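Welcome! Please take a look at the sequence and the 3D structure shown here, and then let us walk through them together.

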Amino acid sequence: MPVTVEAVHAALSKVHDPEIKRPLTELGMVRDIAVDGDTVSLGVDLTTAACPLKGKIEQDVIDAVKSTGAKTVNLDWGVKAMKRQITEDDPCPGVQNIVLVTSGKGGVGKSTVATNLTLALKRAGCRVGLLDADMYGPSIPTMLGVSGRPAGNPNGKITPLERFGVKLMSIGFLLEDDKTAVIWRGPMLQGALLQFIKDVEWGDLDYLILDLPPGTGDVVLTLSQRVRTTGAVVVTTPQDVALADVYKSVSMLKKVEIPLLGIVENESYFICGNCDERHELFGSGGGEKVAAFAEAPLLGQIPIDPKVREWADAGTPVVQAAPDLPVAQAFRDVAEKMADRCSVLNARRAPSLTIDRSGGTNRHLPIAR
Ligand code: ADP
């Protein structure tokens with residue numbers, strides 16, 4: 001039996017995305033199937049360049065295509081990101097995903113996680129921007145070694161600064177000097193934040209990461225009312241004292257219906273250079289407890305490593321400066337899981353297009369009992 005495009009398509013309709021759990025064909029991930037004798041060529045578009053399961057998808061696709069009798073399979077990889085909900089009046093319609101990085105209180109490593117996740121996504125091939133919305137303590141300029149003033153452009157927008165190929169905006173860029181205090185009234189803070197989202201020329205991005213001020217409910221509320229975000233990552237430490245605050249920030253996100261992408265437990269453990277043993281200095285299990293409460297996955301545990309602070313102080317996040325360190329790998333794993341979770345939540349929201357040809361017998365009205 002000769003291999004046909006129809007047979008290849010039918011075989012691929014049985015291959016499911018491992019996370020989204022729907023057929024690749026239904027998700028629009030398969031394109032340009034061409035058959036030449038027993039050679040099949042096709043394109044597969046991943047839902048994110050930072051896809052952790054590319055290897056599995058590749059194997060499943062090759063197995064399915066070969067089941068039709070093909071001997072050689074040529075794959076052309078691409079990326080077609082699944083988008084957040086983008087309404088007509090969206091402030092940044094070119095941005096496919098907006099991810100909030102939040103914490104219950106300061107000092108748990110929220111900005112460290114935000115910058116390293118951003119760099120990990122960039123290094124995986126994603127187009128990314130980072131908005132330092134921590135107006136009280138903007139630390140992104142230091143962590144990324146950037147200073148300077150963003151300029152206006154002819155479209156009346158602000159051109160973001162750039163470092164390591166990441167578009168950047170921070171209130172820190174607009175301050176006279178980094179020792180000047182800024183006093184923000186709530187509405188001013190929210191106004192400035194919305195302006196940063198709307199008036200900065202973000203262009204086309206796969207991910208815009210927002211480093212939010214810790215624990216401020218009003219900021220989250222405003223965001224939830226003005227822009228459709230993909231979801232939030234909550235950063236915590238294993239310490240019990242951190243937990244009460246972090247539960248509050250999780251429940252706040254739930255109240256304003258911002259989806260929870262997952263929990264990151266930072267400063268989880270320390271590997272001693274002398275004995276090579278794992279020491280859980282601040283206790284253990286905090287991240288898991290918060291994840292259970294949030295009904296969201298624990299995206300990962302980041303160890304304490306003095307290199308994280310040293311490289312941040314030197315203006316280059318550890319993921320960029322020393323990508324082979326275990327702590328950089330931990331950040332990368334978190335970034336991939338987070339990217340995957342964005343695709344899952346976006347796909348879950350976008351209902352699959354199925355046409356009801358039953359003439360009405362398949363339709364059910366919800367009945368309140
Ligand atoms: P937050 O944004 O929550 O206030 P930061 O990201 O500014 O916290 O981190 C506070 C300090 O802790 C910084 O000096 C940072 O370099 C350091 N730090 C954060 N995470 C780690 C880690 N995993 N290992 C070592 N130092 C860390």
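How many helices and strands does the protein chain have? The protein chain has eleven helices and 13 strands.

## The chain as a whole

Before going further, please keep in mind that this is a predicted model. The protein chain holds 369 residues, and 49% of them are buried. About 17,800 Å² of the protein chain is exposed, with carbon and sulfur atoms supplying 51% of that area.

Contacts also link parts of the sequence that lie well apart. Taking contacts between residues at least 6 apart in sequence, 73% join residues at least 24 apart.

## An open sheet of eight strands

A good feature to look for is an open sheet formed by eight strands. Going across, their order is β6-β7-β5-β8-β4-β9-β10-β13, and the pairing is mixed. At the edges stand β6 (161-163) and β13 (298-301); each has a single partner strand, so one side of each is left without a neighbour in the sheet. From one strand to the next, the twist averages 25°. In general, strands of a sheet pair through backbone hydrogen bonds, either parallel or antiparallel.

## Strand β5 and its partners

Now find β5, which covers residues 128-132. Is β5 mostly covered or left open? It is mostly covered, with five of its five residues buried. On one side are Val128, Leu130 and Asp132, and on the other are Gly129 and Leu131.

β5 pairs with two strands that you can trace in the model. It runs parallel to β8, with five bridges joining them, and leucine 130 has isoleucine 209 of β8 as its bridge partner. β5 also pairs in the parallel sense with β7 (residues 166-170), over four bridges; here glycine 129 is matched with lysine 167.

## From β8 across to β10

Strand β8 (residues 207-211) pairs with β4 (residues 98-103) as well, in the parallel sense and over four bridges. Leucine 100 and leucine 210 are bridge partners in this pair. β4 in turn pairs with β9 in the parallel sense over five bridges, and valine 99 stands opposite glycine 231 of β9.

Why is β9 described as largely enclosed by the rest of the structure? Six of its six residues are buried, so β9 is largely enclosed. One face carries Gly231, Val233 and Val235, while Ala232, Val234 and Thr236 belong to the other. β9 also runs parallel to β10, joined by five bridges, with leucine 260 of β10 as the bridge partner of alanine 232.

## Helices against the sheet

Two helices are worth finding next. Helix α8 (residues 286-294) lies across β9, β10 (260-265) and β13, and runs at about 165° to β10. Helix α11 (residues 326-349) packs on the sheet and touches β4, β8, β9, β10 and β13. The direction of α11 makes about 165° with that of β10.

## A closer look at threonine 230

Where does threonine 230 lie? Threonine 230 is in the loop between α6 (217-226) and β9 (231-236). Its relative accessibility is 3%, and because buried means under 20%, threonine 230 counts as buried.

The side chain of threonine 230 makes a polar contact of 2.9 Å with the side chain of asparagine 97. Leaving out residues up to four places away in sequence, threonine 230 touches several others, among them Arg84, Gln96, Ile98, Pro259, Leu261, Cys342 and Asn346.

Definitions and conventions
Residues numbered from 1 in each chain as written. Predicted model: local features only at pLDDT ≥ 70, side-chain atom pairs only at ≥ 80, totals over all residues. Heavy atoms only, no water. Buried < 20%, exposed > 50% of the residue type's maximum accessible area, 1.4 Å probe, protein only. Polar contact = N/O pair within 3.5 Å; in protein donor to acceptor, adjacent residues only side chain to side chain. Contact = heavy atoms within 4.5 Å. Pairing = 2+ DSSP bridges. Axes fitted to C-alpha atoms, helices over the stretch in contact; angles between N-to-C directions. Areas by Shrake-Rupley, 256 points an atom, 1.4 Å probe, with all protein chains shown as cover.
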